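Thanks for coming. I will show one model and then go through its sheet, its salt bridges and one arginine.

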Amino acid sequence: MSRDLAEKMRSVSNENPLLKECVSITSVELNGVPVAADYIIHIVVNGYDLGVIRSAPFLLDYAATGLALLQSRAVCGDHVVAENIYEDDSELVFRGSLRRRNTKEACLGAPRRVGLGLLERIYRDFVTRLPKRGCPLAVHRLALYSLSDSSFSFQFFVADPSRHSAAYKLAGMVSALADKISGLPGVVVSTGRLSDDMVRVLARVGVRVIVSFHHPLLSGLREAEKRDVTLVLRDPISNELRGFTSLHRLGD
């Protein structure tokens, strides 16, 4: 990335608080140039080795929560608290503890029916709020929207060089905020292809509708069918958004 491009990126980001936040949580500076930071991060929670992910070294408590949810070692409402983060050889090691809530499992609500036109409007809002320009080029973005009748509301987003880690972080954030957003009908929009692990971790916190303007992946479709998740994706033939799974949730 040239310094001229870096300056343009900073200029766009400074005009948009969301993009400025996107830069701050996904990149490090290398010779004065913001670069998407894809660290190797080893996640250990309650002394148990959850494995290794690629991720920017920010919002790691949410990433660890998402990974614990993915592996069914946490339920929605739990949250991992960081205890120690340190560098070991060529990777970062995150050690944390899982904090459980004393309430019943709290998750997002499932929309009864949602129109394809409304989902297209949500997608347009998403790409307008978080355009690719202004945030490091090699970064994926996911956002949560809430639904109310025929309207929608932007809630929050996460970004990461890895689409997988971005999904883990978003799920972890939903889990941490479960008391505030419990029962809220939600839609997630993603800039990346949807694989089975992404669908699974989002379903674990109650997400039942996911939109991405990418062609379908077999693993993602199979996982969505298993978990009754509606995937709205780019049709390989028409190149338009259409529903692929759990079509009962799509309506006018």
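**Sheet and charged pairs**

Strand E8 (residues 140-148) and strand E10 (residues 186-190) run antiparallel and are joined by five bridges. Before going on, the ground rules: this is a predicted model, in which local features need pLDDT of at least 70 and side-chain atom pairs count only at pLDDT 80 or more, while totals for chains, interfaces and linings use all residues. Residues are numbered from 1 along each chain as its sequence is written, and side-chain values use heavy atoms, with hydrogens and water left out.

On terms, helices (H or I, at least four residues) and strands (E, at least two) are DSSP runs numbered from the N terminus. Two strands pair if DSSP finds at least two bridges between them.

Back to E8 and E10: Leu144 stands opposite Val188 in E10. Both strands belong to an open sheet of six strands with mixed pairing, in the order E9-E8-E10-E11-E12-E13. At the edges are strand E9 (151-160) and strand E13 (241-243), each with a single partner strand, so one side of each has no neighbour in the sheet. On average, neighbouring strands of this sheet are turned by 20° against each other, direction ignored. Helix H2 (residues 17-26) packs on the sheet and touches E8 and E9, its direction making about 30° with that of E9. Contact here means heavy atoms within 4.5 Å. Axes are lines fitted to C-alpha atoms, for helices over the stretch in contact, and angles run from 0 to 180 degrees between N-to-C directions.

Next, the salt bridges. The criterion is a side-chain nitrogen of Lys or Arg within 4 Å of a carboxyl oxygen of Asp or Glu, and by this rule the count comes to 10.

Take Asp179 and Arg101, whose closest N and O atoms are 3.0 Å apart. Asp179 lies in helix H6 (residues 178-181) and Arg101 in the loop between strand E6 (91-99) and strand E7 (114-115), so this salt bridge ties together parts 78 residues apart in sequence. For accessibility, buried means under 20% relative accessible area, exposed over 50%, and partly exposed in between (1.4 Å probe, protein chains only). Asp179, at 53%, counts as exposed, and Arg101, at 30%, counts as partly exposed.

Which residues make up the salt-bridge network? Asp196, Arg200, Glu223, Lys226 and Arg227 are linked in it. Glu223 forms a salt bridge with Arg200, with closest N and O atoms 3.1 Å apart. That pair links distant parts of the chain, with Glu223 in helix H8 (residues 218-227) and Arg200 in helix H7 (residues 196-204), 23 residues apart. Glu223 also forms a salt bridge with Arg227, at 2.4 Å between the closest N and O atoms. Glu223 and Arg227 both lie in helix H8, four residues apart, about one turn of the helix. Glu223 is buried at 4% relative accessibility, whereas Arg227 is partly exposed at 30%.

Last, the arginine. Arg141 sits in strand E8. Where is the nearest side chain of opposite charge to Arg141? That side chain is Asp160, 12 Å away, and Arg141 is buried yet has no salt bridge. For charge, Lys and Arg count as positive and Asp and Glu as negative; His and the chain ends are not counted. The side chain of Arg141 does reach the backbone oxygen of Leu130, at 2.9 Å. Leaving aside neighbours within four places in sequence, Arg141 is in contact with residues including Cys22, Phe126, Val158 and Val189.

Note on methods:
Polar contact = N/O pair within 3.5 Å; in protein donor to acceptor, adjacent residues only side chain to side chain.
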